[in-house]
Amino acid sequence: MDELSRNGNGYHDPTASPVLHAIHKREMEADEDANRIIRLIKDLLRICDFDLIERIQIRHKPTGREYR
């Protein structure tokens, strides 16, 4: 996380640091949510006695990140 506090030359950048930390936090939360959603879908399929045939693919609309 320390690399988010530094610019391309390695110097501390107090202007960009809070923004980059907020973006990183938002992406980590999206990653956790995506993993939770995929687990829930798989659990639901198992409970309903279904098998997953292919990979689950989802996209987080705000960030555009894709999960499989």
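Helices, of at least four residues, and strands, of at least two, are DSSP runs numbered from the N terminus. The exercises below apply this to a predicted model.

**Exercise 1.** Determine which pattern the protein chain follows along the sequence, and how spread out the chain is.

*Solution.* Step 1: the secondary structure of the protein chain consists of one helix and two strands. Step 2: in sequence order, these elements give the pattern α-β-β. Step 3: the radius of gyration is 18 Å, well over the 11 Å that the globule rule gives for 68 residues, so the protein chain is more spread out than a compact globule. Step 4: the C-alpha trace spans about 55 × 20 × 15 Å along its principal axes.

**Exercise 2.** Classify Ile23 and Asn9 as buried, partly exposed or exposed.

*Solution.* Step 1: buried means under 20% relative accessible area and exposed means over 50%, with partly exposed in between. Step 2: Ile23, found in helix α1 (residues 17-47), has a relative accessible area of 42%, so Ile23 is partly exposed. Step 3: Asn9, in the segment before α1, has a relative accessible area of 65% and is therefore exposed.

**Exercise 3.** Identify the residues that form a nonpolar patch with Ile23 on the surface, and state what share of the protein chain is buried.

*Solution.* Step 1: Val19 and Leu20 form the patch with Ile23, and together the three have about 240 Å² of accessible area. Step 2: the protein chain as a whole exposes about 5,900 Å², of which carbon and sulfur atoms supply 53%. Step 3: buried residues account for 13% of the 68 residues.

Notes: Residues are numbered from 1 along each chain as its sequence is written. This is a predicted model: local features need pLDDT of at least 70, side-chain atom pairs count only at pLDDT 80 or more; totals for chains, interfaces and linings use all residues. Side-chain values use heavy atoms; hydrogens and water are left out. Patches are made of residues with over 30% relative accessible area and no salt bridge: like charges are joined within 9 Å, nonpolar side chains (Val, Leu, Ile, Met, Phe, Trp, Tyr) within 5 Å. Accessible areas come from the Shrake-Rupley method with a 1.4 Å probe; for residues, only the protein chains shown count as cover. A salt bridge is a side-chain nitrogen of Lys or Arg within 4 Å of a carboxyl oxygen of Asp or Glu. Buried means under 20% relative accessible area, exposed over 50%, partly exposed in between (1.4 Å probe, protein chains only). The radius of gyration is taken over C-alpha atoms; the globule rule is 2.2 Å times the number of residues to the power 0.38.
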